[in-house]
Amino acid sequence: MTKTDLTRRRVLKSGAVAGAGLALPTMFTSGAYAFTNEPMGGTVTLGFNVPQSGPYADEGADELRAYQLAVEHLNGEGDGGMLNTFSSKALEGNGILGKKVDYVTGDTQTKSDAARASAKSMIEKDGAVMITGGSSSGVAVAVQGLCQEAGVIFMAGLTHSNDTTGKDKKANGFRHFFNAYMSGAALAPVLAARYGTDRKAYHLTADYTWGWTQEESIAAATEALGWQTVNKVRTPLGAGDFSSYITPVLQTDADVLILNHYGGDMVNSLTNAVQFGLRDKMVNGKQFEIVVPLFSRLMARGAGENIKGILGSTNWHWSLTDEGSQAFVKSFGTKYGFPPSQAAHTCYVQTLLYADAVARAGSFNPCAVVEALEGYEFDGLGNGPTLYRAEDHQCFKDVLVVRGKENPTSEFDLLEVVEITPAAQVTYAPDHPMFAGGALGECNAG
Amino acid sequence: METILLQLLNGLDKGSAYALIALGLTLIFGTLGVVNFAHGALFMIGAFCAVTLSRLLNLSFETVDPTRTDFLGNPLKVKTPYVEAWFGPDFGHALIDWSVPLAILFSIPIMIAVGFIMERGLIKHFYKRPHADQILVTFGLAIVLQEVIKYVYGANPISTPAPDAFKGSFDFGALLGFDPNLIIYPYWRLIYFGFAAVVIGAVFSFLQFTTFGMVVRAGMADRETVGLLGINIDRRFTLMFGLAAAVAGMAGVMYAPILSPNYHMGMDFLVLSFVVVVVGGMGSLPGAVAAGFLLGILESFASMNWIKDIIPGIDQIIIYVVAIVILLTRPRGLMGRKGVMEE
């Protein structure tokens with residue numbers, strides 16, 4: 001039996017010392033820094049929060065490659081990439097405001113809690129002044145909320161749910177990637193032109209925020225053009241074999257199947273649908289068609305030949321011939337040996353846009369950055385003239401309608417652009433019902 | 001009626017995969033007494049055997065085509081598979097096209113070797129440890145194996161198509177007097193069902209009609225007595241582990257065209273297969289097969305839209321609900337033996 005000599009007085013004394021110790025960092029930071037993680041030395045740290053494990057790890061790896069390329073270009077290394085074509089000339093290749101750009105990385109694991117934990121660690125331990133990345137809307141919404149509370153800027157990576165800049169929008173968060181509404185608005189006219197206005201659509205939808213908003217957006221856009229929605233069936237994430245969801249489609253009079261799936265779910269549901277002969281089927285005297293509203297080239301590889309001829313939409317594609325896209329593909333392709341994905345593109349652009357906003361604002365203060373980005377119009381970054389709308393921090397730009405290529409010349413040559421839908425056609429009012437329910441609030445500098 | 005027939009076919013197909021995995025699981029449990037949570041990983045490794053053979057057959061040399069350019073504007077490097085250069089374009093192409101069926105032959109020695117190394121290298125050290133330890137170590141092993149696969153092959157699913165001859169669907173409806181194109185079912189899934197039936201039949205025949213199988217069955221019933229007869233039952237059980245690994249591997253190879261292989265497909269099947277084993281009765285081979293098909297069919301029927309309209313989400317929980325009901329009414333499962341996991 002050991003005897004402890006703890007007394008009430010000693011416990012209180014220890015508690016007071018420990019409390020003062022814990023409070024010390026905050027006491028100093030509140031006086032010394034004007035905002036969270038104000039860069040004081042010769043470097044500035046950015047936090048790249050991407051899925052390095054889990055089902056979207058390959059997409060995360062491509063995002064990270066793009067971030068590393070962006071850091072090189074910001075620091076004046078390499079060929080400069082899209083800095084040479086960017087309409088703003090505030091960046092001079094000497095870091096950001098003369099500070100060399102450094103970075104830390106976190107692993108979101110495509111899980112909201114893990115993504116928040118890694119973002120928190122990069123902000124609190126590594127002093128990251130901006131967090132960017134991600135490959136899922138659930139993660140984007142979670143990390144955006146955390147960055148708002150912490151007083152740092154969040155530049156979203158690949159997130160397509162309407163909610164990110166809709167009901168869950170935050171003053172400190174910005175999205176360059178397009179959204180589900182835009183996919184619907186861009187796709188519907190192309191679908192009507194190719195498949196006619198008298199169609200019956202059957203939706204299979206991933207059962208989470210992104211799937212719901214995409215289903216709502218595509219159904220609204222196609223119904224406005226005369227299509228009927230026969231059924232909307234929710235499927236669990238990671239269902240694996242979708243055969244039991246595909247076979248009921250055969251029993252209806254639907255003549256179009258819309259797959260509101262992404263990643264592995266998209267690969268499996270599309271593969272199953274093709275295996276069940278849906279594409280060879282004639283219904284109502286018409287050829288049965290399959291539509292995948294959000295395409296990703298990285299994922300399309302998993303579906304192999306099954307994507308041939310399938311229509312969908314994408315934020316950007318390496319085959320674009322504008323100056324900005326070509327400069328980025330050249331930089332990325334020379335460094336890594338293959339063309340970048342749309343995820344890589346949006347992450348690269350977001351890093352440049354943040355750096356440019358800081359340079360134009362002359363400060364890393366998040367509120368100054370917010371002011372510089374709100375209502376900002378730019379060009380030369382691969383999507384044509386683009387606006388960062390002040391009301392919801394969503395980028396408005398052209399949207400690409402793509403189709404699985406019939407005769408690919410390489411393993412990267414899977415999609416072909418069939419139409420570039422002008423930004424005006426995919427623009428909506430800030431108070432559109434699909435985006436209602438949230439408020440940006442005030443910017444938080446920490 | 002058509003819907004019911006289609007979902008029945010779907011259920012038989014899913015049930016085939018569950019039954020094949022559960023068969024191996026219960027074989028290992030019945031012989032070695034080990035609860036092997038790494039068994040799903042063996043299914044996954046099998047699927048990646050198909051991917052590996054496909055990649056090996058697609059190994060190519062490059063020739064420059066100056067008339068075309070790549071994405072950077074450089075002359076395009078055209079890839080030609082070595083097998084097409086060696087055996088002629090037609091035969092070489094046929095070899096690549098038939099990579100999945102060929103992968104069955106490729107996978108058997110690999111899976112037996114993986115099973116042997118797994119059993120001799122790690123699992124045998126846990127025979128006398130509690131089931132909780134066995135579950136932890138095999139679960140850990142499953143995670144290690146799936147991370148290794150992810151490191152080598154990446155995180156995205158990899159398309160591994162069936163031979164061109166088996167693409168498309170068979171019109172069951174026309175055969176049964178329904179309208180054409182009403183009840184169609186993909187050829188490859190029908191082949192999978194037939195393949196599962198053959199493998200299950202072969203395993204049962206092996207255990208039932210060979211001396212080796214007889215000794216194994218005797219060992220499953222009373223290991224000590226068989227040992228006292230001077231038979232090295234441990235060696236036979238190790239071989240059974242290899243056999244179970246080969247069955248799981250072959251199931252994975254044949255499933256690759258149905259579900260593009262990805263590193264976590266084993267884990268997705270493992271949990272359901274365990275439920276299958278428990279429902280069938282721990283250690284009962286016929287129980288595992290019967291429960292595999294039963295739960296596959298039930299899961300398929302529960303996915304029907306009108307059933308989900310009545311009970312939303314039932315497709316996600318039906319297997320567990322049935323498992324609870326069966327375990328409450330028949331605590332040893334459908335065909336469980338007395339004394340198994342009851343000490």
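Two strands count as paired if DSSP finds at least two bridges between them. Helices (H or I, at least four residues) and strands (E, at least two) are themselves DSSP runs, numbered from the N terminus. Keep both in mind for the tour.

**Before you start**

This is a predicted model, in which local features need a pLDDT of at least 70 and side-chain atom pairs count only at pLDDT 80 or more, while totals for chains, interfaces and linings use all residues. Residues are numbered from 1 along each chain as its sequence is written, and chains are lettered from A and ligands numbered from 1 in the order in which they are written. The predictor gives the complex an ipTM of 0.81 and a pTM of 0.84.

**Stop 1: a small sheet in chain A**

Select residues 376-396 of chain A, and look for three strands. They form an open sheet in the order β13-β14-β15, with antiparallel pairing. At the edges are β13 (376-378) and β15 (395-396), each of which pairs on one side only. Now pick β14 (residues 386-388) of chain A, which pairs with β15(A) in the antiparallel sense over two bridges. Which residue of β15(A) stands opposite A:Leu387? Show side chains and you will find A:Phe396 there.

**Stop 2: two unusual loop residues**

Stay in chain A and select A:Leu97, in the loop between α2 and β2 (100-107). Its phi is near 50°, a positive value in a residue other than glycine. Is A:Leu97 buried or partly exposed? A residue is buried if 20 or more other C-beta atoms lie within 10 Å of its own, exposed if 12 or fewer, and partly exposed in between, with C-beta atoms placed from the backbone. A:Leu97 has 17 other C-beta atoms within 10 Å, so it is partly exposed.

Next, select A:Thr110, in the loop between β2 and α3 (112-124) of chain A. A:Thr110 also is not a glycine, and its phi is positive at about 55°. With 24 other C-beta atoms within 10 Å, A:Thr110 is buried.

**Stop 3: the whole of chain A**

Zoom out to show chain A, which has 13 helices and 17 strands. Its radius of gyration (taken over C-alpha atoms) is 24 Å, close to the 22 Å that the globule rule gives for 446 residues, so chain A is as compact as a globular protein of that length. That rule is 2.2 Å times the number of residues to the power 0.38. Along its principal axes the C-alpha trace spans about 85 × 65 × 40 Å, and 56% of the 446 residues count as buried.

**Stop 4: where the chains touch**

Bring chain B into view. Two residues are in contact if their C-beta atoms, placed from the backbone, lie within 7 Å. By that test, 42 residues of chain A are in contact with 36 residues of chain B. On the chain A side, at least two residues each come from α2 (57-74), β7 (228-235), α7 (243-250), α8 (263-275), α9 (297-303) and α10 (323-336). Try selecting α7(A), which gives the most, with six residues. This side of chain A divides into 17 nonpolar, 19 polar and six charged residues. Here Ala, Val, Leu, Ile, Met, Phe, Trp, Tyr, Cys and Pro count as nonpolar, Asp, Glu, Lys and Arg as charged, and the others, Gly among them, as polar.

**Stop 5: the helices of chain B**

Now hide chain A. Chain B has 15 helices and four strands, and 46% of its 343 residues count as buried.

Select helix α1 (residues 2-32) of chain B. At 1.5 Å a residue, its 31 residues should span 45 Å, and its end C-alpha atoms are 44 Å apart, which agrees. The expected span is 1.5 Å times one less than the number of residues. In α1(B), 26 of the 31 residues are buried, so this helix is largely enclosed by the rest of the structure. Just after α1(B) comes B:Gly33, with a positive phi near 70°.

Then select helix α6 (residues 131-153) of chain B. Which residues of α6(B) are buried? They are B:Gln134, B:Thr138, B:Ala142, B:Leu145, B:Gln146 and B:Ile149, and they pack against α2 and α12 (265-280) of chain B. B:Gly154 follows α6(B), with a positive phi near 85°.

**Last stop: colour by confidence**

Colour chain B by pLDDT, the predictor's confidence in each residue, from 0 to 100. The chain B average is 88, and 98% of the residues score at least 70. Confidence is lowest in helix α7 (residues 172-176) of chain B, at a mean of 78, and highest in helix α2 (residues 39-57) of chain B, at 95.
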